[in-house]
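Here is a set of short exercises to try with the structure open beside you. Work through each task first, then compare your reasoning with the solution below it.

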Amino acid sequence: MASGPAGPAAGKRLQDKAPITGVKNLVAVASGKGGVGKTTVAVNLAIALKNMGHSVGLLDADVYGPNVPVMLGTNEQPRAVDERTIIPVEAYGLKMISMGLLNPGDKPLVWRGPMLHSVIQQFLRSTQWGELDYLIVDLPPGTGDVQLTLIQSVSVSGAVVVTTPSIVALADVRKAIEMFRQVNVEILGVVENMSYFNCPHCNGRIDVFGHGEGQHMAKSFGVPFLGEIEIDPQIRIGGDTGKPVASLGEDAPGSKSIYAMARNVVARLEVVNQSAGAPVVQIL
Ligand SMILES: Nc1ncnc2c1ncn2[C@@H]1O[C@H](COP(=O)(O)OP(=O)(O)OP(=O)(O)O)[C@@H](O)[C@H]1O
Ligand SMILES: [Mg+2]
């Protein structure tokens, strides 16, 4: 992305926008790669933050493949007060909006870029988020239309970049980091998901996708490392059954590393906000 609307100059210009009233921090959960656990991280991060006493919203920006409603176990329809006001649904104390609630079932959305742009804008602007400490945005894979719309529409406090340790994932994730850099979005740090597996049979540790590459990559980009999340069947089951492990508390299987990551995100945002002056999310 060397030039055009998302180039470095645009990034600076785009910091100057009107706020989403009441929202203190907007955190994008991203990765260049599909299937590395972005939604799992976004959902569990949001619940961990909520359980740590914060007010939290979750915006599912994966319009074509919205998985947040399933992972939160809800199919409630959001209410529209009028044409410009959507009331988000509530699950696990989070305010949430997702295309999966508006277009349930198996019928795919076949939309071009401008439609995507418009729906993300509406999710950001027309949802009654109220007072939030954190609005977490679950992004689709890649560095495409949705990412660009988000970055152009709202001042993102920071991005949590999710990877697995595999070389194939890392190659795409580096692109995501470069994209955020070029548009001046702070990288809060890298999370290595599916970092290792503790075998319950032999008590040995198996590095299914390798191990430690996320940390190496963070170091090579000069960005913080936010932590490792192990492969745990309970994490997958939690997502599939709409009972995310973070909702079971910090001591639940698979949950400890998620809470540790959440604390690191909070600490990073404090540093970022202090150096930026005011922790205000702004919108065009
Ligand atoms: N640490 C983990 N341990 C076990 N299963 C996991 C873990 N992280 C993610 N999964 C499982 O891997 C699958 C993919 O995860 P998820 O949907 O969160 O990835 P994603 O990056 O959001 O995918 P997409 O790119 O399609 O949006 C899901 O079934 C999820 O439950
Ligand atoms: Mg996802």
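## Exercise 1: An outlying loop residue

**Task.** Decide whether K107 is buried, partly exposed or exposed.

**Solution.** Start by counting: K107 has 7 other C-beta atoms within 10 Å. A residue is exposed if that count is 12 or fewer, so K107 is exposed. Keep in mind that you are looking at a predicted model. Next, place the residue: K107 sits in the loop between helix 4 (99-102) and helix 5 (113-125). Finally, try a distance: K107 and L26 are 81 residues apart along the chain, and their C-alpha atoms are separated by 30 Å.

## Exercise 2: The overall build

**Task.** Find how the radius of gyration of the protein compares with what the globule rule gives for 284 residues.

**Solution.** Take stock of the secondary structure to begin with: there are 10 helices and 14 strands. The radius of gyration is 18 Å, close to the 19 Å from the globule rule, so the protein is as compact as a globular protein of that length. Along the principal axes, the C-alpha atoms fill a box of roughly 55 × 40 × 35 Å. Then look inside: buried residues account for 47% of the 284 residues. Contacts complete the picture: among those between residues at least 6 apart in sequence, 79% join residues at least 24 apart.

## Exercise 3: The nonpolar core

**Task.** Identify the residues with the most contacts inside the largest nonpolar core, and the element that gives this core its largest share.

**Solution.** The largest nonpolar core holds 79 residues, and V29, L45, I136, V137 and V160 have the most contacts inside it. Its largest share, eight residues, comes from helix 2.

Now follow one of these residues outward. Leaving aside residues up to four places away in sequence, I136 touches V27, V29, A42, L45, A46, V56 and L58.

Then turn to V43, which lies in helix 2. V43 counts as buried because it has 32 C-beta neighbours inside 10 Å, and the cut-off for burial is 20 or more. With the same sequence neighbours (up to four places away) set aside, V43 touches L58, V68, M71, L72 and P244. For a sense of scale, V43 and V146 are 103 residues apart in sequence and 19 Å apart in space, C-alpha to C-alpha.

## Exercise 4: A strand with neighbours on both sides

**Task.** Work out how many residues of strand 3 are buried, and which strands pair with strand 3.

**Solution.** Go through residues 56-60 in turn: five of the five residues of strand 3 are buried, so this strand is largely enclosed by the rest of the structure. Checking each face gives V56, L58 and D60 on one side and G57 and L59 on the other, all buried.

Next come the partners. Strand 3 runs parallel to strand 8 (residues 132-138), and five bridges join them; here V56 has Y134 as its bridge partner. Strand 3 also pairs in the parallel sense with strand 7 (residues 94-98), over four bridges, where L58 is partnered by M96.

## Exercise 5: A hairpin

**Task.** Determine in which sense strand 4 and strand 5 pair, parallel or antiparallel.

**Solution.** Strand 4 (residues 79-82) and strand 5 (residues 85-87) pair in the antiparallel sense over three bridges. One bridge to locate is that between A80 and its partner in strand 5, I86. The two strands form a hairpin with two residues between them.

## Exercise 6: Two positive phi values

**Task.** Describe the surroundings of N184 and N203, each a non-glycine residue with a positive phi.

**Solution.** As background, most residues other than glycine have a negative phi. N184 has a phi of about 60°, and that of N203 is near 60°. N184 is in the loop between helix 7 (167-182) and strand 10 (187-193), while N203 is in the loop between strand 11 (197-198) and strand 12 (205-206). Now count neighbours: N184 has 17 other C-beta atoms within 10 Å and is therefore partly exposed. N203 has 7 C-beta neighbours inside 10 Å, so N203 counts as exposed.

## Exercise 7: Around the ligand

**Task.** Find which residues come nearest to ligand 1.

**Solution.** There are 21 residues around ligand 1, of which G34, G37, T39, T40 and R236 come nearest. Sorted by type, the shell has seven nonpolar, 10 polar and four charged residues. Helix 2 (38-51) and helix 9 (233-240) each supply at least two residues of this shell.

Conventions
Residues are numbered from 1 along each chain as its sequence is written. Chains are lettered from A and ligands numbered from 1 in the order in which they are written. This is a predicted model: local features need pLDDT of at least 70, side-chain atom pairs count only at pLDDT 80 or more; totals for chains, interfaces and linings use all residues. A residue is near a molecule or strand if its C-beta atom, placed from the backbone, lies within 6 Å of it. Ala, Val, Leu, Ile, Met, Phe, Trp, Tyr, Cys and Pro count as nonpolar, Asp, Glu, Lys and Arg as charged, and the others, Gly among them, as polar. The radius of gyration is taken over C-alpha atoms; the globule rule is 2.2 Å times the number of residues to the power 0.38. Two residues are in contact if their C-beta atoms, placed from the backbone, lie within 7 Å. A nonpolar core is a set of buried Ala, Val, Leu, Ile, Met, Phe, Trp, Tyr and Cys residues joined through C-beta atoms within 7 Å. Two strands pair if DSSP finds at least two bridges between them.
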